[in-house]
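Subject: A structure for you to look at

Hi there,

Here is the structure I promised to send you. Please open it next to this email and follow along as you read.

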Amino acid sequence: MHTPEKGPANRFRVIVVGGGGTGAAILHDLSLRGFDTVLVERGESTSGTTGRHHGQLHSGARYAVNDQESAVECVEENAILRRIARPALELNDGLFVAVSDEDEAFSGRFLESCRACGISTRLLAAEEALALEPNLTPGVRLAVQVPDGTMDAWRLPMMFFSTARSQGADIRTFTEVLGLESVAGGVTGVRVVDRRAEREYTIKGDLVVNAAGPWAGQVARMAGVNVPIRPTPGVMVAVRGRLSNMVVNRLSPPGDADIVVPQRNLSIVGTTSWFVETPEEALDCPEGHVEMLLEKGAELIPGLRQAPVRAAWVAARPLIGDKKEESGRGMSRAFRCYDHRAEDGVSGFVSVAGGKATTLRAMAERAVDLVCAKLGLDPPCRTRDKVLLPHQAFFSRG
Ligand SMILES: Cc1cc2nc3c(=O)[nH]c(=O)nc-3n(C[C@H](O)[C@H](O)[C@H](O)COP(=O)(O)OP(=O)(O)OC[C@H]3O[C@@H](n4cnc5c(N)ncnc54)[C@H](O)[C@@H]3O)c2cc1C
C-alpha cells in the first residue's frame, strides 16, 4: 500500500474543505497521487447536499438536449463508476416516458441529442414500456430506455473516503473552517474549530482546495474572492412502495416533478427548484411543493397519489450561475475549477464547484490536475481504474 510522506502535525501538502462527495473524491485522488492531505468537514461526512440527493445515477440523457457538456460528463462518469464503485449502484436502467403530445414531439430531438452525446437508447412502444413497468400510466405513448441507474447517495462517497483513508489521508469531521490563514496575499492554511472539543487551531498547507458545495461562495469570500455559486434548493418526497424498477423520467426538458427514483422499497419523486442566498434558507419544504410533486408525478405513475408518504426533504444544488436565471432549470450542471492565483491574484487557493453527484470523480480529477500544475508536479491520475474499497472499510480498524 502506498502511504504518503507525513509532515509535522497540522502541516499538510493539501487541505480540502468540505466532506461531501466532491471533497471525498478529491481526497482519494490526492492520496493516490501521493500527497499528504487532510479534509475538514464541519458536520458529519456527507452532511451537506451529498447525503440528501435523489440518488439518480445519470446516464446524461436528462441533460442531452439542453446541457450537452453535463450530459457527456455524466455518460463518461456513469461508465467509470460502474467499474470502480459497483456495490454503491443498482444497475436498473432508466425510462424516459412520453405521456402527452408535447412529450411525443420532443422524442425526436431527445433521441438525436442522446446519440450526439454517446448515450445508448432503446425506443419502446407503449405496450413494451408497460410490460417492463406495469405501474406506468396506461396513457403512456412511448418510452426510451437509457443506462440511468440508482446510486446509494451515502455509500458512494463513503467508498471514496474508505479508500482515501487506507492511503493515509486524514479526515476530520465536526471541524469547521472559520477563516483562511494568509501571508502576503497567499493562502497558507485554515483556521478551524473542532466542534466536539470546542478547540480552535490552525492547519497549515501548501494549497487549500475549496470543495464546499453550495457553501463554496462563502468559503471563497474568506479569501476575498468570488465563486459564483447560486444555491438552488429542490424538494424530494419519498413514498412507501417501489412503484417502478427503473428510474422513471418524463420525456421532456427538465422541469418539476419529472423524476421517480426507486430506492430499496421506496419511490422518491423530485424535484422542484428555486434560488436562495444561503443554503441555510433551504431547510423547510415550501408550502405546496409535496402536493405538487405527488400530483405531477402521478401523471407518470398514478399509484403515487395513493402511496403513503414516508418523508419529504430539501437539499440545495451548488449551481454556478447567472443572476438573471429564474429557477435554476436553465443553468448548466457542468462543473468548473477556479485557480484563484490566475483569476484573482490569490495564491495557494483553488475552488471546484457545480457538477452532479454522478460526476464527483471527474470533478476531483480536474481539481487535482490543477493542484498538481500549481505545485509544479505531474503525478498521473489513477482514479479511473482504481476499484474502491467497500464503504464498510471506513469503519474497520487496523
Ligand atoms: C434536490 C436535488 C436532487 C439531486 N439529485 C441528484 C441525483 O439524483 N443525482 C446526482 O448525480 N446528483 C444529484 N444532485 C446533485 C448533487 O447532490 C450535488 O451535486 C452533490 O451532492 C454536491 O456535492 P458536494 O460535495 O459538492 O457538496 P456538499 O455535499 O454540500 O458538500 C459540501 C460540504 O462542505 C461543508 N462545509 C461548508 N462550509 C464549511 C466550512 N466552513 N468548514 C468545513 N466544512 C464546510 C458542508 O458541511 C458540506 O458537507 C441533486 C441535488 C439536489 C439539490
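Below is what I found, going from a sheet to the helices.

One thing to keep in mind throughout is that this is a predicted model.

Let's begin with the sheet. It is an open one, built from 8 strands with mixed pairing, and their order across the sheet is 6-7-5-14-15-16-13-17. As a reminder, the strands of a sheet pair through backbone hydrogen bonds, and they can do so in a parallel or an antiparallel way. At the edges you will find strand 6 (122-125) and strand 17 (309-320); each has a single partner strand, so one side of each is left without a neighbour in the sheet. On average, neighbouring strands of this sheet are turned by 25° against each other, direction ignored.

For a closer look at one pair, try strand 15 (residues 259-263) and strand 16 (residues 266-270). These two run antiparallel and are joined by 5 bridges. Within this pair, isoleucine 259 stands opposite glycine 270 of strand 16.

Next, find helix 7 (residues 289-297). Helix 7 lies across strand 13 (229-240), strand 16 and strand 17, and its angle to strand 13 is about 65°.

Finally, go back to helix 1 (residues 21-32). From first C-alpha to last, its 12 residues reach 17 Å, close to the 16 Å expected at 1.5 Å a residue. Is helix 1 mostly covered or mostly open? Mostly covered: 12 of its 12 residues are buried, including Ile26, His28 and Asp29. Just after helix 1, glycine 34 takes a positive phi of about 95°.

Enjoy exploring!

Note on methods:
Residues numbered from 1 in each chain as written. Predicted model: local features only at pLDDT ≥ 70, side-chain atom pairs only at ≥ 80, totals over all residues. Heavy atoms only, no water. Pairing = 2+ DSSP bridges. Helix = DSSP H or I, 4+ residues; strand = E, 2+ residues; numbered from the N terminus. Axes fitted to C-alpha atoms, helices over the stretch in contact; angles between N-to-C directions. Contact = heavy atoms within 4.5 Å. Expected span 1.5 Å × (residues − 1). Buried < 20%, exposed > 50% of the residue type's maximum accessible area, 1.4 Å probe, protein only.
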